[in-house]
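Trainee: I would like a close look at how the helices pack in this model, and at what surrounds that packing. Please take it slowly and tie the pieces together for me.

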Amino acid sequence: MERKIHVAGYATGIDDPESFVGRLKSECSKLGAIVEAYDAGAILGAEHLVVAWERARRAFSNGAAVSDSEAMESRVYASCEKQIKAAISKTGVKPGNAGVALVSEDAVALEKVARALGLNRDDSVLAPTSEKLALWGMAGMEGALARNAADLIFERMSILEVER
């Protein structure tokens with residue numbers, strides 16, 4: 001059975017990332033679900049996270065994972081970083097107004113957690129921007145080439161797999 005991955009963006013300001021993540025974990029615990037939060041300012045579209053989660057699954061099934069959970073492994077892939085600490089630094093929730101991306105295999109839990117956190121869905125925060133492209137070393141790719149930014153991220157994920 002195929003496990004579907006659900007991604008949603010939320011326009012919100014985060015003052016205290018640790019508090020936000022703590023509340024997220026508390027809500028997930030109540031539901032018995034896994035919902036991961038990412039800094040939307042580091043995400044180049046929903047497909048970026050879907051592919052990261054798919055690759056994390058594959059790494060676990062092949063015994064090639066570097067972390068102890070699929071959720072953390074997906075963060076490693078989403079960040080295209082070899083080290084977990086660097087992955088969290090790049091894609092973890094940060095203070096500011098970039099928004100957040102939530103990811104889960106449980107669409108109902110994702111919506112319940114978002115509601116409990118007072119988040120309003122706005123998938124536009126997931127779209128590539130000049131700031132995001134600069135973060136990924138793709139400055140100057142605005143316009144037509146920005147549509148290919150996700151493909152470049154997927155290529156970096158593939159390189160990460162090969163370098164393991």
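Mentor: Let's begin with the vocabulary: an angle under 35 degrees counts as roughly parallel, one over 145 as roughly antiparallel, 65 to 115 as roughly perpendicular, and the rest as oblique. Keep in mind throughout that this is a predicted model.

Now take helix H1, residues 17-31, and helix H5, residues 107-116: their axes cross at roughly 135 degrees and come within 10 Å. H1 and H5 are therefore oblique to each other. As for handedness, this crossing is right-handed. On the H1 side the contact is made by Leu24, Glu27, Cys28 and Leu31, and on the H5 side by Ala109, Lys112, Val113 and Ala116. Sorted by class, that contact of H1 with H5 holds 6 nonpolar and 2 charged residues, with no polar ones.

There is another helix pair to set beside it. Helix H2 (residues 46-62) packs on H3 at an angle of about 125 degrees, and their axes are 8 Å apart. That angle makes H2 oblique to H3, and H2 passes H3 in a right-handed crossing. From H2, the residues that take part are His48, Leu49, Ala52, Trp53, Arg55, Ala56, Arg57, Ala59 and Phe60, and they meet Glu70, Glu73, Ser74, Tyr77 and Ala78 in H3. The contact of H2 with H3 is made up of 8 nonpolar, 2 polar and 4 charged residues.

Follow the chain on from helix H3 (70-79) and you reach the loop that leads to H4, where Cys80 has its place. A general point helps here: most residues other than glycine have a negative phi. Cys80 is not glycine, yet its phi is positive, near 60 degrees. Its relative accessible area is 17%, so Cys80 is buried, given that the cut-off for buried is under 20%.

The helix after that loop has a buried residue to show you too. Lys90 lies in helix H4, residues 84-91, and its relative accessible area of 16% means that Lys90 is buried. Beyond its neighbours within four places in sequence, Lys90 is in contact with Ala42, Ser79, Glu81, Leu135 and Trp136.

Next, the sheet. Three strands form an open sheet in the order E1-E3-E2, and the pairing is antiparallel. Strand E1 (6-10) and strand E2 (35-39) are at the edges with a single partner strand each, so one side of each has no neighbour in the sheet. From one strand to the next, the twist averages 25 degrees. E1 is joined to strand E3, residues 100-104, by 5 bridges.

Tyr10 brings us back to the helices. This residue is found in strand E1, and its bridge partner in E3 is Val100. At 3% relative accessibility, Tyr10 counts as buried. Setting aside neighbours within four places in sequence, its contacts include Gly99, Val100 and Leu102, along with Leu110, Ala114, Leu119 and Asn120. Arg121, Asp122 and Val125 are in contact with Tyr10 as well. Leu110 and Ala114 fall within the range of H5, residues 107-116. Finally, the C-alpha atom of Tyr10 is separated by 8.1 Å from that of Ala40, which is 30 residues apart along the chain.

Conventions. Residues numbered from 1 in each chain as written. Predicted model: local features only at pLDDT ≥ 70, side-chain atom pairs only at ≥ 80, totals over all residues. Heavy atoms only, no water. Pairing = 2+ DSSP bridges. Helix = DSSP H or I, 4+ residues; strand = E, 2+ residues; numbered from the N terminus. Axes fitted to C-alpha atoms, helices over the stretch in contact; angles between N-to-C directions. Left-handed = near helix turned anticlockwise from the far one by under 90°. Contact = heavy atoms within 4.5 Å. Nonpolar A, V, L, I, M, F, W, Y, C, P; charged D, E, K, R; others polar. Buried < 20%, exposed > 50% of the residue type's maximum accessible area, 1.4 Å probe, protein only.
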